[in-house]
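Student: Hey, got a minute to walk me through this one? I'd like to get a feel for how it's put together.
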Amino acid sequence: MNYYSLQKQSPAVSFAEAAVKGQAPDKGLYFPESIPSLPKDFVANIKSYSKDEIGFTVMKPYVAGSIPDEVLQKIVSETINFEFPLVPVTERISSLELFHGPTLAFKDVGARFMSRCLGYFNRNSNQHTTVLVATSGDTGGAVANGFLGVEGVDVVILYPQGKVSPIQELQLTTLGQNITALEVEGTFDDCQAMVKQAFADTDLNEKYSLTSANSINVARWLPQQLYYFFAYQQWQHSGAPVICVPSGNFGNICAGVIAYKSGLPVEHFIAACNVNDVVPNFLQTGEYKPKAAIATISNAMDVGNPSNFVRIMELFGQEVSDLKKIFSSTSIDDATTAATIKKVYNEHHYTLDPHGAVGYYALNEYLSEHSDQKGFFLETAHPVKFPEVVEQSTNTKIEFPESVQYLQGKSKQSIEMKAGFDALKEWMMR
Ligand SMILES: *Cc1c(COP(=O)(O)O)cnc(C)c1O
């Protein structure tokens, strides 16, 4: 499979090159030259396949020519070696729990797949690749954990001092080895600006082979479609599901749409946003107007210009009317989000995190107008990652899950840094 740049000014490249570069030289996002069609009986008989078989079958066409079958099998099986349960919350709404991986958020899947791909592509090279990534919380932990110990790859994570939750900070700063955490005296936007400047800097690009690890990278984006298939395996109702995805950069939902285009049965997609409502506004007015991100309690979705929306438009041939037949988007404020956590806990004894709560609310609204349909939302992170708002809304204390108990009592190791590119460059050129 080859990948072309959505800016159409750079040549098409292999999966390996797209994964190593991250972004095309013309600054466009890479996009697969064709969307594979899955065999009809594969989808009809999906319950009879193992997770590993599904993962291999779905990913194989995307990496063809870059990764041999036996290596892909191993990469897929290591990527998805935890549970993806579809848990009923009400009679018509289920929660697809994507927080059972090592860092308790769905980003584990993409980060684990991408890290293993880069490890494979680097196997014979003596040049190190440096993954440079800015995080508002979840991305950094997933990337650090995914890349820990991968030969030939160093990871540098920039995070805003005092603005990530305690668990998130421990996940970023206690691993050591090939992972370095830079604690920036600034905001997430400062961190992101520093990373962007680094990618454009001649000196740094001479000294390092730099790549990014956010969802613009095809190796992180594409494997996210797998859990849509795992959910369908567990789907008990007749008729296809309505799927609601809490969305920020729109990488996750775009992966779901690609699964649908390959043959996965879906009734409707809802992109549930917080007050960062560029896409809901676009679908209503036809005008795409990026704006500065507004801080919310579902902070992983505080994105003012979602980078993957261009990929969704590409999947519908840039036709908004075709997109709207299967896809809608809505915006939910913090007060409603917190009230939803409280209501669902009290009425259904299910603890939502703020991102899942945005998804639950949007799905419930949609289903109340479509009385013959059922659906699920993606519970994108474990509530323990957002203890303040969840404990306040439910009036309970959330326990540390066993899988992250080891973090308690560890001490953080970070390098404090002033905001601004100069400080980053000085450190990297040291
Ligand atoms: C990253 C993230 C999102 C948003 O996903 P996108 O792919 O950027 O749309 C939602 N919820 C959580 C918990 C996240 O970490």
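Tutor: Sure, and one term up front: "buried" means under 20% relative accessible area, while "exposed" means over 50%. Also keep in mind that this is a predicted model.

Student: Ok, so how many residues of strand S10 are buried?
Tutor: Five of its five, so to speak the whole run of residues 242–246 is mostly covered.

Student: Which residues sit on each side of S10?
Tutor: Val242, Cys244 and Pro246 are on one side, and Ile243 and Val245 are on the other. Both faces of S10 are covered, and those residues are all buried.

Student: Why does every second residue end up on one side?
Tutor: Because in a regular strand the side chains alternate between the two faces of the sheet.

Student: Which way does S11 pair with S10, parallel or antiparallel?
Tutor: Parallel, over five bridges, with S11 covering residues 268–273. To find one on screen, look for Ile243, whose bridge partner in S11 is Phe269. Between the two strands the chain passes through helix H12, residues 251–261, and this β-α-β crossover is right-handed.

Student: And what about S10 and S13, how many bridges there?
Tutor: Three, and S10 and S13 run parallel. S13 is residues 375–379. Val242 of S10 stands opposite Gly375 in S13.

Student: What stands opposite Gly375 in S13 over on the S5 part?
Tutor: That's Ile93. S5 and S13 are joined by five bridges and run parallel.

Student: Is S5 buried or exposed?
Tutor: Buried: five of the five residues in S5, 93–97, count as buried, so the strand is largely enclosed by the rest of the structure. On one side you have Ile93, Ser95 and Glu97, and on the other Ser94 and Leu96.

Student: What does S5 do with S4?
Tutor: S4, residues 86–88, is joined to S5 by three bridges, and this pair runs antiparallel. A hairpin of four residues links S4 to S5. For one of the bridges, go to Pro88, whose partner in S5 is Ser94.

Student: Switching topic: which residues come nearest to the ligand?
Tutor: Lys107, Asp138, Gly248, Asn249 and Thr380, out of 15 residues around it.

Student: And what is the mix of residues in that shell, nonpolar, polar and charged?
Tutor: Six nonpolar, seven polar and two charged.

Student: Which atoms of the ligand have N or O atoms of Lys107 and Thr380 beside them?
Tutor: For Lys107, an N or O atom in the side chain is 2.5 Å from an oxygen atom of the ligand. For Thr380, a side-chain N or O atom is 2.8 Å from a nitrogen atom of the ligand. Phe250 uses its backbone instead: an N or O atom there lies 2.8 Å from an oxygen atom of the ligand. Taken on its own the ligand has 390 Å² of accessible area, and the protein covers 97% of that.

Student: Now the loops. Where is Ser262?
Tutor: Ser262 is in the loop between H12 and S11. With a relative accessible area of 6%, Ser262 is buried. A polar atom of its side chain lies 3.0 Å from the backbone oxygen of Pro36.

Student: And where's Pro36?
Tutor: Pro36 is in the loop between S3 and helix H2, residues 40–44. Pro36 counts as buried too, because its relative accessibility is 16%, and the cut-off is under 20%.

Student: What about Lys27, buried or exposed?
Tutor: Exposed, because its relative accessible area is 59%. You'll find Lys27 in the loop between helix H1 (15–21) and strand S3 (30–32). Lys27 has a positive phi of about 75°, although it is not a glycine.

Student: What is phi like at Gln318?
Tutor: Positive as well, about 60°, and Gln318 is not a glycine. Gln318 is in the loop between helix H14 (309–315) and helix H15 (320–326). At 46% relative accessible area, Gln318 is partly exposed.

Student: Last one: where is Asp353, and how far is it from Ile297?
Tutor: Asp353 is in the loop between helix H16 (334–348) and helix H17 (354–368). Asp353 counts as buried, because its relative accessibility is 0%. Asp353 and Ile297 are 56 residues apart in sequence, and their C-alpha atoms are 9.7 Å apart in space.

Terms used
Residues numbered from 1 in each chain as written. Predicted model: local features only at pLDDT ≥ 70, side-chain atom pairs only at ≥ 80, totals over all residues. Heavy atoms only, no water. Near = heavy atom within 4 Å. Polar contact = N/O pair within 3.5 Å; in protein donor to acceptor, adjacent residues only side chain to side chain. Areas by Shrake-Rupley, 256 points an atom, 1.4 Å probe, with all protein chains shown as cover. Nonpolar A, V, L, I, M, F, W, Y, C, P; charged D, E, K, R; others polar. Buried < 20%, exposed > 50% of the residue type's maximum accessible area, 1.4 Å probe, protein only. Pairing = 2+ DSSP bridges. Right-handed = clockwise from strand over helix to strand, strands pointing away.
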